[in-house]
Structure formats: structure tokens, C-alpha cells
Amino acid sequence: MAKKIPFNVVFASDEDVNFPASELNNHGPTVHGWRSAPDGGLDSHDIILRFQQPAKIYRIQLLAHQYLIPEKVELWLHYSPKSLPSTPSSQYFDFLGFVALADNANTNYKSRELQSVTVCPRRGTHLKLRLIGVQGNDYNGTGQISLLAVNVLGEDLEVGPTNGNGEEHLVSEAPPLDTATGELALASICDDLLFSMYVEESIVQSIRELEQRKVLAVNAERFEYARKLKLCMTALRSAGERLGRYALAKRQAVQQEDFTTARLRKEQIEMYRAAVLRQLQVQQLLEPQGVALGTNDQSCEIYAGGKPSLPAAPSLQDVAQALAEATFSPKSLTSLSLDDKSSTDGSQGQPGNDSVVATPAPAPAPTSLQATPTPSLGGWRKSHDELPQSPRLPSRHSSPMSSRQGSLRRRNKSVPRNSYEDYEERAIPTLRQECQGNALLEADPNRGRSRLNDRERRQAALPILVFGSELVEQFYSRQFQDREDGLLRLRTFLKEHDLEDVSGNEHAASPNKVARSAALLLHRAVRDAVYSVFGQATETVRMLFLEYVPGRVSPNEVARCVDRLLPELLAKSGDPSARLHTLAQHTILSIAACPEVAEQHLVAPALSRSVGSGTHQRLAMSRLQMLEQLVHTQGISTDKHSGLTCRALSECGCSGIHHPAEPVRKVAERILLLVYKVNPRLVRKQLPPDDDITRRNLLYRQLFTEFDKLDLDRKQELLEANKYGGGHSSGDAATPPADKASTSSDASRLMTSRSGHGLGPVASSNNGYASCNGKQQYNEQLKRSMLSVSNSRKGSASNSESNEDNSPKIRCPFCDWSCVGSDASQLDRHYWKACPFLTKCPQCSQVLEVAALNYHLTTECDAKESYVVCARCTESVHKQLYELHQMEDYCRELKTGAARCPLCHDDVHLPQDGGWKLHLLSAGGCPGNIRKKNLKKSN
């Protein structure tokens with residue numbers, strides 16, 4: 001497998017004094033790389049590398065500078081066997097090719113380009129790099145070029161026996177490839193230039209050792225141990241990159257002669273490295289002296305959940321405090337006192353710790369340090385306070401209380417505690433931090449409010465322009481009190497921003513911009529987790545749509561605001577907390593009540609979408625409840641885009657009744673009942689057919705029962721309207737009579753129009769009905785016989801009434817119903833509502849006998865063109881339902897001498913000899929006759 005070939009730079013045509021070519025010999029985060037001499041005047045620059053051993057080359061990697069970039073780099077390779085002398089004059093280089101580098105303008109000269117060139121396996125001992133040209137840019141004013149790192153990947157040359165000419169030949173010419181990726185197989189990931197240039201050197205060495213242990217573990221089938229090693233190497237790489245950045249910062253501090261920061265960086269690197277190695281148990285995983293540890297083959301908590309977590313990186317302030325604590329610990333104080341005592345006696349001692357200043361400070365010690373007899377402590381305190389501050393280390397005296405209370409994060413512990421009273425006077429850390437934080441917030445109210453970063457400033461560009469940065473910062477603040485104040489200020493702004501102010505001030509923002517900016521801020525506020533902030537946000541949303549938007553904002557802008565806020569409010573309406581989802585529902589309904597929103601139908605379509613069975617119960621119920629409320633307030637619309645049409649509501653309700661949650665199904669049923677009052681036919685089409693099999697389901701049984709109740713109520717309302725409104729042909733008969741003469745004439749007319757009207761003109765319409773089969777002719781004869789039966793019943797009723805003059809009664813000639821009194825309107829009311837022998841035509845609402853309904857639908861009704869006579873069962877069927885009717889079970893051949901009931905579709909035997917009366921009036925008779933129940937109630 002390919003590995004890194006070590007080399008040394010033996011020649012460079014020119015170089016900068018501060019960036020010599022020898023920098024290319026090493027790889028690491030702090031490597032400067034080679035740089036050409038400034039204003040050298042050379043067109044090409046040569047660098048020759050000599051391998052420490054002859055090698056077989058597979059790949060060459062070059063890392064260019066971010067702005068000192070050459071145009072191209074040529075690669076030359078020379079091979080001189082060990083048997084032949086190698087001098088610069090005798091070296092002959094073979095041209096391998098060249099690498100063209102980009103000008104790096106697209107990255108603003110901040111990124112480095114890594115070029116990796118795979119070459120045919122070639123043996124060599126020297127590599128020459130020829131850098132040609134300069135990529136000009138504003139940062140390169142001196143015309144220099146640079147090369148940060150060079151990496152050569154290959155294998156040590158395995159030579160075979162020499163031939164007759166004394167030349168050697170390679171044993172194998174094929175490069176090793178990774179079977180998974182097809183790329184060049186590396187012996188270690190540390191050999192890659194991308195890894196070694198950004199990971200700290202000690203971590204690289206540890207990863208190399210762990211890789212060797214992983215190979216041995218796999219060979220020994222210690223797979224748990226190998227898994228731990230793999231996870232540890234991944235975590236070490238992340239830690240090594242951080243340590244590399246710390247090392248780079250330390251080098252920059254040294255260049256700036258900021259040695260205090262450099263020392264802190266050094267301690268920071270050591271502390272973080274020790275913490276990482278200790279937490280990842282690297283020493284235990286390395287198994288020193290090759291002894292296999294049983295704990296490595298067992299699962300542990302650190303590596304149980306995948307990639308292990310790294311310890312928190314210490315800041316410079318933590319490092320400084322740790323150094324101070326280590327310096328002023330009781331042991332160090334004892335040693336310092338002994339050193340001072342010996343120096344007073346005249347003995348000269350050298351300090352053992354470079355962090356302690358042995359020379360007393362010329363200035364007097366601070367008040368807090370006057371009780372300490374050691375003069376070096378005052379010198380340390382003075383020198384520590386005068387340390388130059390790092391950019392990442394906040395100033396110790398930045399707050400007004402720091403002079404007497406110290407840092408907010410941790411109290412200064414440099415003063416030793418030498419008495420019990422001092423120990424008792426210390427504040428509890430939690431209370432101390434709380435008191436300090438409250439005092440600082442009172443001194444500076446804007447202290448807890450974080451400034452907007454670039455991303456947030458770009459997002460809130462328009463609100464900043466309209467409302468100002470101070471109000472917007474309150475919305476982005478981490479303090480919920482600031483967010484509440486921001487919402488209050490926004491409501492005040494919306495109340496004061498009226499049309500007169502806009503027309504009078506040319507620089508004032510337009511209402512569209514104000515609404516758009518407010519929607520952007522409220523979109524963030526309605527997602528807030530604090531309930532008080534969410535309550536203020538919903539109140540502001542209602543104020544925006546109910547007070548500010550009407551008459552000011554354009555419809556397109558209103559639609560944009562609703563599209564931004566409605567999804568968040570719908571998500572909140574499904575919150576398990578009752579106060580949250582109730583407030584969200586109220587806000588959505590308030591938005592829907594806005595005239596501009598209602599005109600564009602922006603809310604209802606989002607609520608009337610079908611409810612899936614996987615929708616959360618709280619969210620589905622909230623949507624359906626709001627939709628039901630909209631139906632009550634706005635009504636059912638005929639506009640197909642409104643979302644409140646009968647079809648949209650029925651589809652939503654039908655999807656809701658199949659939801660697994662019972663409360664959702666109850667709300668969906670109420671929506672279906674509201675639609676059924678307007679369009680019953682459409683609702684029934686959305687549901688399964690109303691039969692015995694469907695009614696076995698409790699859900700459909702309850703729903704169809706409610707439908708039947710609504711049908712009965714509708715029939716009664718129509719009958720009452722027809723009776724007293726006089727709108728239909730039978731309305732004259734239904735009008736209450738004024739006297740007995742008119743009553744008798746109305747009653748006779750009622751009977752003629754309801755029961756005998758279809759039987760009287762049979763002769764005139766016989767020609768049109770004679771074309772039917774024999775069963776239909778038999779049905780016609782049946783209707784004629786019913787006319788004679790009814791006339792005979794009328795005669796008998798009149799005779800009985802004349803005989804009983806003393807106690808007048810009114811009797812029905814069909815069902816033998818009777819009542820005491822002489823008011824003929826009671827009989828008329830009985831015909832309309834209760835007589836089981838009569839029924840109402842479903843098309844024209846004319847009341848007639850049940851036996852004559854089929855004949856009426858095909859010959860007399862206004863909708864007779866839509867009905868046909870079934871050739872099998874002789875029932876009158878609608879043309880559109882004829883095919884479905886023939887597939888029903890009750891469509892069967894009529895028995896000889898029987899008639900077919902249009903209500904229950906059963907056969908009526910002996911229809912001329914009282915069969916219809918037995919079928920319609922008996923307790924176990926027609927199950928489809930609803931009027932039997934009404935007759936029992938009236939009796």
C-alpha cells in the first residue's frame with residue numbers, strides 16, 4: 001500500500017529569508033511553506049527534492065498558497081541506482097507533466113487549492129518542481145509565488161537481481177488500489193496531505209499507533225476492540241484539527257511578540273490534549289507493552305452510542321484562572337514563603353516556576369493583598385492585570401461591577417482564605433451570579449440583548465428599514481421580556497401608523513411594506529415557546545388583520561401575509577396544551593373574519609382539506625372545529641374556490657368520520673349534517689348505500705338515523721308551507737276551510753286530487769299505458785278497482801255520519817281512523833300527515849295512495865319523462881338508476897295475482913281482497929311505511 005515518502009530539499013533556485021525551502025520537509029498546521037524571493041525577476045523557479053530511499057512513485061500532492069499562486073507547476077523525476085554515483089551534473093530528469101493552478105478569485109483568495117496528481121508507477125530518487133508564471137491579484141504586490149506543502153506517495157523500491165548491463169528492474173508495476181473506491185490505497189490516513197496539514201503532530205502520531213493496533217485487532221478477530229479504535233481515531237481527528245488551530249494562534253502570538261498570550265495558548269493546548277486523551281482512554285486503547293486488556297473487548301459507556309463526545313475546550317480565561325489557582329495553591333504559597341525567607345537571609349535561589357515573579361513590584365500591593373506577607377503575590381496580581389487582552393478573552397473591567405465583584409463566570413480566587421469569618425462571608429455561587437447578572441442588567445438594559453448577526457440582518461432587512469434596528473433586535477433577543485416589549489411596540493406602531501401620516505410624510509413606509517414587515521416579525525413570534533410571548537404575538541396578529549389591514553393593504557399583500565402566518569398557527573392549533581391550541585384557533589378565526597381575507601378565500605381552503613387517518617387527533621379536531629365555525633358564520637358557498645362548497649365540505653366530513661379518534665368523528669358528523677340540510681343527494685353519494693348491511697356499522701347507523709330525522713323535518717316544513725302558502729296544485733285543498741260547505745267541497749276535492757285523481761282519467765290515458773306487458777295491465781286494473789273501493793268507503797262513511805246525528809264523528813275511509821267533532825280540517829290534516837294508506841310523490845309532493853304511486857310516476861307526475869317501468873318487477877324507476885335497480889336483490893319477478901309495494905319492495909297478495917289494507921295497516925306489515933308510527937301517536 002502507498003505511504004508517505006520522506007524527502008529533503010537539496011536545491012532551490014531562490015527563496016525568501018523568512019520562508020525557506022526547508023519548510024517543505026515537514027507537514028503540520030504551523031508550516032510556513034516555501035516562498036520565492038520578492039522581486040527576484042525569475043520567470044521559473046526550481047526546487048529539487050531527494051528521497052531518503054529510492055521509491056516507486058504513485059501520486060504527488062501540491063498545496064498552493066491562497067494568493068501567491070503560480071500559473072503551473074511542472075513535475076520532473078530522476079532515478080539513479082545505488083550502484084551509480086549521483087551528482088547534479090549527472091542527473092537527468094524525465095518530464096512527468098504539469099499541473100495548472102486556478103487564480104482563486106472565486107473564493108476571494110481565502111481558500112487553498114490542493115492538487116493531487118496520480119502518475120504511472122515510476123521509480124525515482126529525485127523530484128524536481130518547476131514553478132512557472134505568477135497569478136496576478138491585488139494581494140500579491142511583490143510578484144512572489146509560494147508553495148505550502150509537497151507530499152509524495154509511493155512505496156519503497158523493491159529491486160530484483162540486476163541484469164547484464166547492471167540495471168535493476170521493478171518487481172511489480174501495478175499500483176495498489178482500494179477495492180471499494182478504486183482509488184489509490186493508502187497505508188494510513190495520516191499519509192494524506194489533507195490530513196497531516198491540519199491535524200496537530202502529536203495527535204497524528206497517536207492516530208498512527210491506533211491504526212496499527214486496529215490492524216492487529218482485526219487479525220485477532222477482536223472486533224469490539226477494532227470498533228473502539230475506529231471511533232477513537234475519528235474523534236481524535238476532530239480534536240487534532242482544533243489543536244492545530246490553537247497551535248496556529250500560538251505561532252501568530254509569537255510573531256506579534258505577545259508572549260503572554262502565547263504562553264496561555266501553550267497551556268491551552270496541553271490542557272485540551274490531556275483532557276481529550278483522558279476522556280477517550282487513548283492510553284488504555286494503545287495497550288502498552290502489547291498486553292491485551294480484557295476491558296477493551298467489552299462495551300463501555302463512552303463508545304456505546306457511536307461517535308464519542310469530546311470534552312469542552314478551555315478558553316483563555318479558564319486557562320489563566322487555572323494557572324492562578326495552581327500558582328496560589330497552599331503548596332505553592334508555602335514554597336514561596338520559604339523562598340522569600342531564604343532570600344531575606346542572603347541566600348540566592350532560583351525560582352522553580354516561571355509563572356511566579358520573584359522580584360517585588362515597585363508599586364504598592366492592592367488592598368485585598370496587603371494582609372499577605374509574600375511580596376511576590378502583589379507582583380503577580382499586577383502583572384496579571386496588565387496582560388494584553390486576547391480578542392476571545394473579554395476585558396476584566398468591562399462591567400461597572402467588575403472592580404469589586406470580579407468576573408461573571410467565576411469569582412477570583414487569588415486571595416487566600418485564612419480565617420473562618422472570611423470563609424463564611426463568601427456568597428453562594430448561584431446567588432452571586434444571579435445578583436451580578438441582575439445588577440448588570442439594571443445598569444445596562446441592553447446588555448442581555450444580543451446583536452444581530454449577518455444572517456439575521458439579511459433576513460430582517462425590510463423590518464429594520466421600516467421599524468428600526470432596536471425594535472427588531474427585541475424580537476431576536478434571548479430575553480422573553482424583550483420579545484414581549486417588542487410586540488407591544490409593534491402594536492403601538494400599527495395603531496399610530498394611519499393613512500394621514502403616510503400621505504403627509506414622504507419618507508414613511510407604505511402600508512404594504514408595514515404589513516409585510518410585521519408578518520416577517522410575527523412569523524418568528526408565533527413560533528415562540530414562551531406562552532406569554534405567544535399570547536402577545538396572537539394579539540398582534542388579530543390587531544394587524546382586524547384593524548390595520550382593512551382598507552389599507554392590497555389583496556396580494558394580504559394573501560402573502562396569510563400564507564406566511566397561517567401554517568404556523570395551524571401547527572400551534574394541534575398543540576397538546578389547551579390554552580395554546582384554543583388561542584391559535586381563535587386567532588385563525590379572527591383572520592378569517594377579516595373582509596380582505598374572506599373575499600380571497602384564504603383560510604377555508606386550508607381547513608377543508610381531507611383529514612387523513614394518520615393526522616394527529618388534536619390537529620384534526622382543531623381543523624374540523626374551525627371549519628364548522630366558519631360554516632356557521634360564513635355559510636355554505638357556491639364559489640368553487642371558497643373551500644366552503646358542499647362538495648369540499650362533504651369530502652372533508654367523509655374523511656373525518658373514518659378517523660380513529662372519536663372526538664374527530666363527532667365533529668365530522670356535525671359538518672355532514674350541516675351540508676345535508678343543503679344538498680342531501682351529494683352527501684349520500686359520498687357515503688355507502690343506505691341498506692341493512694351498511695346500517696350494521698354503528699357509525700353509519702347513527703349518521704343515517706340523523707339523516708332520516710332531517711328528512712322528516714324537511715317534509716313537515718314543506719307540507720306546512722304548501723298547506724298555508726298555496727304554492728302547489730294541492731295547496732287549495734290544504735287551505736283551512738271557512739265554513740262547512742267549503743269544508744265538504746275541499747275534502748271532496750282533496751280526495752279527488754290525492755287518491756282518485758290518478759284513477760279517474762284512466763280511460764283517457766289508457767292508450768299510452770296499454771303498451772306495457774300483462775303485469776302492468778293487471779296493475780292498471782288494480783288502480784281502477786281501488787277507485788270503486790274508495791267510493792264505496794266514502795258512501796258508507798257518509799251514511800254512518802248521517803245516522804249518528806247525536807254524536808258527530810269524522811272517519812277516514814281508508815284506515816278507519818276517526819275523531820269526535822265536525823271540523824273537516826282534522827281529516828285533511830290526517831290525510832297529509834298520518835294516513836298510512838297514503839304517501840307523497842318524491843318528485844311533485846302530491847299526496848296519493850301507495851297502491852297508485854308507480855302508476856302516478858310514469859303517467860301523471862311532472863317528472864314522468866324521467867321514469868320508466870321495470871320489465872321485471874313492474875316498479876317505476878328513474879332512468880339514471882335503472883341499471884343499478886336491476887342489480888338490486890328486491891328487483892325480482894312479480895308473482896301471479898300479486899302487486900309490488902313501492903315502499904318496501906315486497907309482494908302484496910290478494911290486492912283486490914284487502915291485501916293492501918293488511919299490508920299497510922297491520923303491525924308486521926310494510927316496514928317502509930313511516931306513517932304507521934304517526935298513526936299510533938295520533939291515536
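**Exercise 1. Find the kink in helix H19 and the proline that follows.**

Solution. Go to Leu565. A kink of about 30° lies there, shortly before the proline Pro567. The bend is the angle between axes fitted to the seven residues ending at a residue and the seven starting there. This is a predicted model: local features need pLDDT of at least 70, side-chain atom pairs count only at pLDDT 80 or more, and totals for chains, interfaces and linings use all residues. Residues are numbered from 1 along each chain as its sequence is written, and side-chain values use heavy atoms, without hydrogens and water.

**Exercise 2. Check the span of H19 against its number of residues.**

Solution. Helices are DSSP runs (H or I, at least four residues), numbered from the N terminus. H19 covers residues 555–573, which is 19 residues. The expected span is 1.5 Å times one less than the number of residues. That gives 27 Å for H19. The end C-alpha atoms are 25 Å apart, which agrees.

**Exercise 3. Which residues of H19 are buried, and what covers them?**

Solution. Buried means under 20% relative accessible area (1.4 Å probe, protein chains only). Among the buried residues of H19 are Val558, Cys561, Val562, Leu565 and Leu569. Their cover includes helices H17 (511–525), H18 (531–548) and H20 (578–592).

**Exercise 4. Repeat the span check for H17, then list buried residues.**

Solution. H17 has 15 residues. Its first and last C-alpha atoms are 20 Å apart, close to the expected 21 Å. Its buried residues include Val514, Leu521 and His523.

**Exercise 5. What share of the protein is buried?**

Solution. The protein has 939 residues. Buried residues make up 43% of them.

Conventions: Helices (H or I, at least four residues) and strands (E, at least two) are DSSP runs, numbered from the N terminus. Buried means under 20% relative accessible area, exposed over 50%, partly exposed in between (1.4 Å probe, protein chains only). Contact means heavy atoms within 4.5 Å.
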